[in-house]
Amino acid sequence: MEKPRNVSGMRDHLPEAMLLRQHIMNTLTRVFERHGFEPLSTSVVEYDEVLSGKIGDEEKLIYRLDDNGGKHRLALRYDQTVPLARVVAQYQNQIQFPWRRYAIGQSFRGERPQKGRYRELWQADVDIVGSSSPIADAEVIALLTDALTELGFRGFTTLLNHRQILSGIARVSGLDDQAAAGVYRSIDKLDKIGPERVREELERNGVSAAQAEQIMSLVLLEGEPEEVLKALSDGLAGDERAMEAIANLREVLSYIASMGVPAESYTVAPRLARGLSYYTGTVFEVLDADRSIGSLLGGGRYDELIGQFAGRSIPTVGFAFGIERLHDLMTERNMGPRRSTTAQVFVTIFPEHSADALALANELRKQGLNVVTALDSKQKLGKQFQEADRKQIPYAVVLGSDEIAKGEVQVKNLRDGSQRSLPRDQVAAILKAELEA
RNA sequence: GUGGCUGUAGCUCAAUGGCAGAGCGCCUGAUUGUGGAUCAGGUGGUUGUGGGUUCGAGCCCCAUCAGCCACCCCA
């Protein structure tokens with residue numbers, strides 16, 4: 001017999017986990033649509049050349065496959081952003097810009113799996129395509145704040161930065177592009193390994209002590225957003241692109257405030273680098289309150305990626321929620337619904353009245369309740385109750401000779417054990433009202 | 001992709017190279033239409049998988065698979 005096992009980094013989700021995931025996705029969808037975003041779905045399979053050259057040096061993590069002997073190399077999508085860029089370019093004349101779209105689905109990355117890092121990962125991706133307005137940047141940040149709050153997260157922090165602030169820091173320190181890339185990688189670890197070890201790593205990689213000092217002084221800036229921006233513009237004075245970036249970020253921040261995003265939920269963090277090479281403007285990332293699991297989401301502005309398919313630049317800003325991480329954290333903390341079944345009512349069956357019980361189930365379903373019936377009428381009533389109880393079904397109903405004669409049903413609340421008789425034609429309405437309360 | 005830790009009953013975990021165990025769970029019952037609590041009885045294993053060393057392997061060695069941790073990177 002073949003021993004059953006699943007592929008490393010790919011997870012199965014039994015009903016209790018799946019019900020939580022559906023809750024997460026339904027909540028996110030509701031918030032996205034509240035902000036007027038429209039759904040998009042694309043295939044998980046793309047031509048290899050669509051994905052190649054878009055995400056930087058992480059291409060070794062892309063799963064590639066052959067096309068059943070066909071002549072094209074195929075690949076599983078690595079994220080939802082590159083497929084979005086492909087779709088935008090391919091259907092340009094059917095899309096009205098600016099386009100707000102969301103997509104929820106899985107991507108694949110050939111990483112070494114770990115908690116919060118999987119090879120099949122679901123993401124909820126949200127983008128505003130075709131606008132360079134800082135209001136668009138602010139809008140997606142307001143949206144993510146809204147969504148996390150609605151899911152029940154508190155105390156999270158959105159780190160905000162701008163690619164041209166980072167590269168400005170590299171420029172004023174006199175680093176070339178290649179050295180700069182290494183510097184970004186190092187400072188991205190600040191929260192994890194601390195400033196001293198980052199400084200060591202910089203110097204080990206050929207950055208002079210004076211350069212490291214200058215970089216660290218800018219990158220470690222913290223405090224009120226306006227103070228940080230002021231200090232950055234002092235430190236980066238003379239670098240025109242950095243000055244523009246600071247002005248742009250300042251504008252985004254003012255819109256965020258207007259949109260009601262609480263000031264304590266975000267901060268300007270010049271240390272935030274982010275790996276994907278396609279970002280060109282604002283970048284942001286959300287850290288959970290206790291920071292146990294990496295970032296909950298990440299994103300930013302990428303004004304040139306779509307141009308690689310469209311032949312003209314189409315400015316876009318967006319981000320992706322990591323549903324796996326939301327799921328893991330919510331499971332650990334008992335957030336969200338903790339159900340193991342969708343059933344709301346269990347109808348017991350006596351052998352001599354099975355027809356009545358099945359008819360009752362049908363009546364209740366027609367009125368919108370989720371109903372299961374016992375399957376073995378010869379099973380003792382106690383067993384039938386036990387089945388309902390173990391499934392955590394809220395109500396069990398009993399329909400026997402006495403009840404049939406009186407036009408009633410016995411309704412037992414399995415959570416508190418209480419029991420009462422209700423008129424058969426009113427049961428559904430009463431239970432529905434109680435379940436919604 | 002690199003380095004490390006772990007893998008024993010459905011679950012959580014014991015077992016000096018010498019008979020593989022406990023708690024929980026699960027099943028049956030405590031008189032006919034009432035679950036959870038209690039009590040009585042019962043059920044539990046190719047020790048992840050495949051090799052090797054040894055008189056003898058859950059324990060040592062090799063390989064492999066999976067999970068976890070640190071890198072790397074990211075959601």
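**View 1. Helix α6 packs through its buried residues against α5 (163–172), α7 (190–204) and α8 (209–219).** The model shown here and in the other views is predicted. Helix α6 spans residues 177–187, and its buried residues are Ala-180, Val-183, Tyr-184, Ser-186 and Ile-187. Seen down the axis of α6, these residues fall within an arc of 160°, so they line one face of the helix. Residues three or four places apart in an α-helix point the same way, because there are 3.6 residues a turn. Gln-178 and Arg-185 are exposed on the other side of α6. At the start of the helix, a side-chain oxygen of Asp-176 comes to within 2.8 Å of the backbone nitrogen of Ala-179.

**View 2. The surface near RNA strand B is made up of 50 residues.** Arg-117, Arg-185, Lys-189, Asp-389 and Leu-414 are the closest to the strand. Of the atoms of RNA strand B that come within 4 Å of the protein, 55% belong to sugar and phosphate. By class, the surface has 22 charged, 17 polar and 11 nonpolar residues. Helix α14 (381–390) is among the elements that each supply at least two residues, as are β6 (120–129), β10 (295–301), β11 (316–322), α12 (323–332), α15 (401–406) and β15 (408–413). The largest share, seven residues, comes from α14.

**View 3. Side chains of Arg-109, Arg-117 and Asp-389 make polar contacts with RNA strand B.** An N or O atom in the side chain of Arg-117 is 2.3 Å from a base nitrogen of the strand. For Asp-389, the distance from a side-chain N or O atom to a base nitrogen of RNA strand B is 2.2 Å. The contact of Arg-109 is with a sugar or linking oxygen of RNA strand B, 2.6 Å from an N or O atom in the side chain.

**View 4. Phe-32, Tyr-102, Phe-284, Phe-319 and Phe-321 are linked by ring pairs into a cluster.** The count of aromatic pairs in the model comes to seven. Phe-32 and Tyr-102 form a tilted pair, with 5.3 Å centre to centre and 50° between the planes. This pair links distant parts of the chain, since Phe-32 is in helix α1 (residues 15–34) and Tyr-102 is in strand β5 (residues 99–108), 70 residues apart. Phe-32 is buried, at 0% relative accessibility. Tyr-102 also counts as buried, with a relative accessible area of 7%.

**View 5. Thr-42 sits in the loop between β1 (38–39) and β2 (45–47).** Thr-42 has a relative accessible area of 17% and is therefore buried, the cut-off being under 20%. Leaving aside residues up to four places away in sequence, Thr-42 touches Arg-77, Pro-83 and Val-87.

**View 6. Three loops hold backbone features at Pro-98, Asn-334 and Gln-392.** The peptide bond from Phe-97 to Pro-98 is cis, with omega near -5°. Pro-98 lies in the loop between α3 (81–90) and β5. Asn-334, in the loop between α12 and β12 (345–347), has a phi near 60°, a positive value in a residue other than glycine. The relative accessible area of Asn-334 is 55%, which makes this residue exposed. Gln-392 lies in the loop between α14 and β14 (395–398), and its phi is likewise positive, near 60°. At 48% relative accessibility, Gln-392 is partly exposed.

Methods: Residues numbered from 1 in each chain as written. Chains lettered and ligands numbered in written order. Predicted model: local features only at pLDDT ≥ 70, side-chain atom pairs only at ≥ 80, totals over all residues. Heavy atoms only, no water. Near = heavy atom within 4 Å. Polar contact = N/O pair within 3.5 Å; in protein donor to acceptor, adjacent residues only side chain to side chain. Helix = DSSP H or I, 4+ residues; strand = E, 2+ residues; numbered from the N terminus. Nonpolar A, V, L, I, M, F, W, Y, C, P; charged D, E, K, R; others polar. Buried < 20%, exposed > 50% of the residue type's maximum accessible area, 1.4 Å probe, protein only. Arc of directions from axis to C-beta. Contact = heavy atoms within 4.5 Å. Phe/Tyr/Trp six-rings, centres within 6.5 Å; stacked < 30°, edge-to-face > 60°.
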